[in-house]
Amino acid sequence: MTISLRRTAAVAATAAISAALTACGGGTSTSGAGGQARMGASAAPSVPASGSPSAAASGPSQSSPGSSPSASPLAGAPGKAPTMAPGPGGLTPVFERAKQHSDKTVALTFDADMTSDQGPRAANGEHFDNPQLISTLRTLKVPSTIFMTGRWAEEYPDQAKSIGTDANFEIANHSYSHHAFKAPCYGLPTLDEAAARADVDRAFDAFRKAGAVNTVPYFRFPGGCYDDQALRAISTAKVTAVQWDVVSGDAFAKDPDAVAEQVLSGVKPGSVVVMHCTRSAAPVTEEAIRKIVPELKKRGYRFVKVSELIGK
């Protein structure tokens with residue numbers, strides 16, 4: 001009986017994780033002013049977010065006229081990428097697709113998911129990274145945005161640094177813990193308002209510790225779940241929340257052709273595609289990319305990072 005109960009609990013836990021990862025490529029949740037923040041905010045100059053509460057209080061440092069122009073940016077601190085103006089009441093703005101739809105650009109984004117409690121699974125050999133995918137993106141010269149959890153950066157600091165110091169990529173924030181910022185959210189544990197804001201800071205801090213430099217003030221909600229309360233909770237982080245308009249369906253997919261077809265059938269000028277950079281949870285993504293990229297190039301598309309779409 002005890003064994004049966006343990007198996008049932010394990011199945012339930014696996015199902016919750018599966019649903020959450022699938023949700024990263026699923027629907028979004030908005031309401032009220034949050035919907036206005038998503039639809040109505042215009043592009044604005046970046047206000048860098050903080051990697052720590054103390055940095056938030058003091059504000060970003062500025063170079064003085066006599067300072068060395070060769071000084072490198074602070075690792076892990078979001079760079080001066082374009083952001084959107086806050087929504088009504090100062091809510092965090094939400095970006096889904098470029099407003100300029102005539103330019104055949106598309107942003108491929110990859111969620112590097114790892115929840116805060118998955119360390120034992122990694123220690124037992126489960127791969128939450130996908131170095132071959134990153135290698136293929138480099139070979140194909142596809143600029144990409146990686147939405148990374150802080151826990152992933154801690155588990156794979158060398159890879160986080162390699163990605164975060166490569167001009168081909170930009171690292172955006174996917175929370176530290178991959179817990180939910182709104183309930184319910186596919187069985188994920190839910191953070192309260194204070195914990196949610198701290199979770200964003202903790203992820204940026206993990207990028208800093210890993211040595212990543214090319215970080216941007218963008219945030220993707222775990223599971224894609226958010227509401228006005230979630231947008232308000234992270235408003236002081238000065239980030240733009242980034243969702244998507246094309247679901248790849250790569251989470252737990254077995255057929256790379258089906259993933260490629262789903263992306264190719266959904267892409268429009270200015271699209272944001274959501275995929276994953278996690279071998280155990282999205283094993284066919286790299287193979288699908290080798291089909292998606294040449295075909296979109298044939299159709300006249302140019303690959304860009306999210307920062308370029310937001311900056312239009």
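## A tour of salt bridges and one helix pair

Begin by selecting R302 and D103, whose side chains meet in a salt bridge with 3.7 Å from N to O. R302 lies in strand β11 (residues 302–303), while D103 sits in the loop between β3 (94–95) and β4 (105–112), so this pair ties together parts that are 199 residues apart in sequence. Keep in mind while looking that the model is a predicted one. If you colour by accessibility, R302 comes out as partly exposed, with a relative accessible area of 38%, and D103 is likewise partly exposed, at 26%.

Keep those two residues on display and add E308 and K312 to the selection, since D103, R302, E308 and K312 are linked in a network of salt bridges. Across the model, the count comes to 15 salt bridges, and the next two stops are taken from among them.

Select E126 and R121 next; these residues form a salt bridge in which the closest N and O atoms are 2.8 Å apart. E126 counts as partly exposed at 23% relative accessibility, and R121 also counts as partly exposed, at 31%.

Now move to helix α8 (residues 193–210) and pick out K209 and D205, which are four residues apart in this helix and therefore separated by about one helical turn. Their side chains meet in a salt bridge, at 3.4 Å from N to O. Is each partner buried or exposed? K209 is exposed, with a relative accessible area of 63%, whereas D205, at 19% relative accessibility, counts as buried; the cut-off for buried is under 20%.

For the last stop, leave the salt bridges and show helix α10 (residues 256–266) together with helix α11 (residues 285–298). Two packed helices are described by the angle between their axes and the distance between the axes. Here α10 and α11 pack at an angle of about 35°, with their axes 8 Å apart, and the crossing of α10 and α11 is right-handed.

To see which residues make this contact, select P256, D257, V259, A260, V263 and L264 on α10, and then E287, A288, K291, I292, E295 and L296 on α11. What classes of residue does the contact of α10 with α11 have? Colouring the selection by class will show eight nonpolar residues and four charged ones, with no polar residues in the contact of α10 with α11.

Note on methods. Residues numbered from 1 in each chain as written. Predicted model: local features only at pLDDT ≥ 70, side-chain atom pairs only at ≥ 80, totals over all residues. Heavy atoms only, no water. Salt bridge = Lys/Arg side-chain N within 4 Å of Asp/Glu carboxyl O. Helix = DSSP H or I, 4+ residues; strand = E, 2+ residues; numbered from the N terminus. Buried < 20%, exposed > 50% of the residue type's maximum accessible area, 1.4 Å probe, protein only. Axes fitted to C-alpha atoms, helices over the stretch in contact; angles between N-to-C directions. Left-handed = near helix turned anticlockwise from the far one by under 90°. Contact = heavy atoms within 4.5 Å. Nonpolar A, V, L, I, M, F, W, Y, C, P; charged D, E, K, R; others polar.
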